[in-house]
Amino acid sequence: MKEFKIESLGQPQDFWYYFQEISKIPRCSGHEEKIRAYIQKEADKFGYASKVDKIGNLLVRIKGHSMKKPIILQSHLDMVCEKIKGSTHDFSKDPLKLKIVKIDGREWVKAENTTLGADNGVGVAFQLALMKLVKEGKLEFNNCPIDLLFTVDEENSMFGAFQLEKSMIEGDYLINLDGFEDYTIIVGNAGGSPTQVEIKINFDELNDEIEHYTSLKLHISGLIGGHSALDIDKGRLNAIILMGKLLKMLNTHFHYHLELIKGGDKMNSIPRECTCIIHVIKKEVKDLHKKINDFYQSIKKENPKIERNIKIHVEELNLETSLKAIFEEEKEKLIQFLNTVINGPVKYHPVVKNLIHTSTNLSSIITKNRSIKIMFMQRSFNLKENEKIALQIKELLERLNCKFKLNFYEGYGAWAPEFNSHIVNVAKKTYKHLFQEELNVTALHATLENGIFKQHYPQLQMITYGPTGLNAHSPEERLEIRSVEKSWKFLIGLITNLSLE
Ligand SMILES: [Zn+2]
């Protein structure tokens, strides 16, 4: 580990200066006022006009002396604030502690115990350095105006992009700086559509039979989970679906009652945990433990490489005065549903190798009053595909004869890949000219702000790009040092070539 000294980091030094400065400024999602004020102050100092829209997005214009439309460079102001267990770091006031680490022979910048905020501090630092270098006359873009757009609250809800005022975008080309590989541009992203299902249930009371039963809490945990879009094709298990399998297995061997099922929480995550409460006939408990253990061993055997830490915990609960049990027939339907419902990658992109086109994730389940609520998130480059999946879920519930309500939300943010737009062609030529190799052009099976912009500005040509970073959103986040110089060269080259028109 080495001390963070900007002199040792290479070019452009102004980038590293600003990266360090903004690391001192608190900027968790929803608290962007300080970082926005800092950028505005810099813009004022250099003599650039700026404006802020109602929601807090900031636009700084570097004027050109021509009638050309501005080229837009865009980043988001906020960062994900995560720290390791036991850290006393206070994100509302403490500066991030930057350091340099060497991993696998490459040098990286990291923060001590916290997220680094390279997502999207690299974009912000890039824009600030550009402001300064244009002012000093060290950069010039053929009299083309450059608009620097900074959005708020990307990480939470993309609220900034959703609420962006119409007048904040005036150009035809937008470079989003939220990329994370210095050899890749992203030219499309999947949109998301949540689907909510509410299955009506009824309960029996097992009043007089209590003494025959033992109540058990079944708890599945230790799954890897991850992002419901980016990690959906990694073969990770879904805790709720796994619980469905466990309940089905138990159903073939025992007579038990189900009182409750609960699992998952975030819409964007693959569920890592799921809990059930069941009531089992006393003399069968021992056998049931054995069957659960067999099930556990077989699951571990089936998933030896990916899921190494699965746990299935069985806890005996103290019997209360009455026990609740979901109607037998409804329990059977729920088990069938969990064992049949579509989940995971649905289809691959016809053009881009290994890119998922459409996926669905069962993200949470909860038993509440007289219903079981289940949330799904569908993702696709084409929102119509999401709707098809919601329809499949609906048909399954109908086939099972469930009493249910299904709400499908049309969704947001799909940006169908544009492999041949002008900006993409200029980017490919620029990259090849600079580095004598082909630029990787791909799309992302998750939603970027670009997808939201595309809804409101269909004419906009966009790419997403940035220096190489890893483990965003976790305290392991890091930024490759060498990659900054390369990505800077590419971006300056690209803007220059675009400005020539
Ligand atoms: Zn980001």
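This is a short tour of a predicted model, one selection at a time.

**Stop 1: the two domains**

Start by giving each domain its own colour. Select residues 2–190 together with 415–499 for domain 1, then residues 191–408 for domain 2, as the domain assignment of the protein has them. Notice that domain 1 is written as two stretches of the chain. Taken over C-alpha atoms, the centres of the two domains lie 39 Å apart.

**Stop 2: where the domains touch**

Now zoom in on the place where your two colours meet. Here 13 residues of domain 1 are in contact with 16 residues of domain 2. Together the domains bury about 960 Å² between them, and carbon and sulfur atoms give 70% of that area. Which three residues of domain 1 supply more of its buried area than any other three? Select Ala190, Phe419 and His445: they supply 54% of the area that domain 1 buries against domain 2.

What about charges and polar groups here? The rule finds zero salt bridges across this interface, while two residue pairs are in polar contact between the domains. Next, show the strands β9 (184–189) and β21 (440–444), which each supply at least two residues of the domain 1 side. With three residues, β21 gives the largest share of that side. If you colour the domain 1 side by residue type, you should find eight nonpolar residues, five polar ones and no charged ones.

**Stop 3: helix α10**

Stay in domain 1 and select residues 449–456, which form helix α10. Is this helix largely enclosed or largely open? Six of its eight residues are buried, so the rest of the structure largely encloses α10. To see the buried ones, show Glu449, Asn450, Gly451, Ile452, Phe453 and Lys454 as sticks. Then bring back the surroundings: the elements that cover these residues include the strands β4 (71–76), β7 (146–151), β8 (173–176) and β22 (461–464). Helix α4 (159–163) is also among them, as is β9, the strand you saw at the domain interface.

**Stop 4: two threonines in strand β18**

Move to domain 2 and select strand β18, residues 356–368. Two threonines make a good pair to look at here.

Begin with Thr360, which sits in this strand. Its relative accessible area is 0%, so Thr360 counts as buried. Among the residues Thr360 touches, beyond its neighbours in sequence, are Ile232, Ile342, Val346, Phe376, Met377 and Ile389. Gln378 is also in contact with Thr360, and the side chains of these two are joined by a polar contact of 3.1 Å. For a sense of scale, draw a line from the C-alpha atom of Thr360 to that of Glu3: it spans 44 Å, and the two residues are 357 places apart along the chain.

Thr358 is in β18 as well. With a relative accessible area of 1%, Thr358 is also buried. Beyond its neighbours in sequence, its contacts include Pro345, Lys347, Arg379, Ser380, Glu385 and Asn386. One of its contacts is His445, which you selected earlier on the domain 1 side of the interface.

**Stop 5: a few salt bridges**

Finally, show the charged side chains. How many salt bridges does a search of the whole structure find? The search finds 24, and here are some to visit.

- Lys93 and Asp90: their closest N and O atoms are 3.8 Å apart. Lys93 is exposed, at 56% relative accessible area, whereas Asp90 is partly exposed, at 26%.
- Arg236 and Asp231: this salt bridge is 3.5 Å, N to O. Arg236 is partly exposed, at 25%, and Asp231 counts as buried, at 12%.
- Glu329 and Lys333: the closest N and O atoms are 3.4 Å apart. Glu329 is exposed, at 55%, but Lys333 is buried, at 17%.

Look again at that last pair. Both residues lie in helix α7 (residues 328–340), four residues apart, which is about one turn of the helix. An α-helix has 3.6 residues a turn, so residues three or four places apart point the same way.

For your last selection, pick Asp14, Lys132, Glu136 and Lys138: salt bridges that share partners join these four into one network.

How values were computed. Residues are numbered from 1 along each chain as its sequence is written. This is a predicted model: local features need pLDDT of at least 70, side-chain atom pairs count only at pLDDT 80 or more; totals for chains, interfaces and linings use all residues. Side-chain values use heavy atoms; hydrogens and water are left out. Domain bounds come from an automatic or database domain assignment. Contact means heavy atoms within 4.5 Å. Buried area is the accessible area (1.4 Å probe) that two parts lose on being put together, summed over both. A polar contact is a pair of N or O atoms within 3.5 Å; within protein, one must be able to donate a hydrogen and the other to accept it, and residues adjacent in sequence count only if both atoms are side-chain atoms. Ala, Val, Leu, Ile, Met, Phe, Trp, Tyr, Cys and Pro count as nonpolar, Asp, Glu, Lys and Arg as charged, and the others, Gly among them, as polar. Buried means under 20% relative accessible area, exposed over 50%, partly exposed in between (1.4 Å probe, protein chains only).
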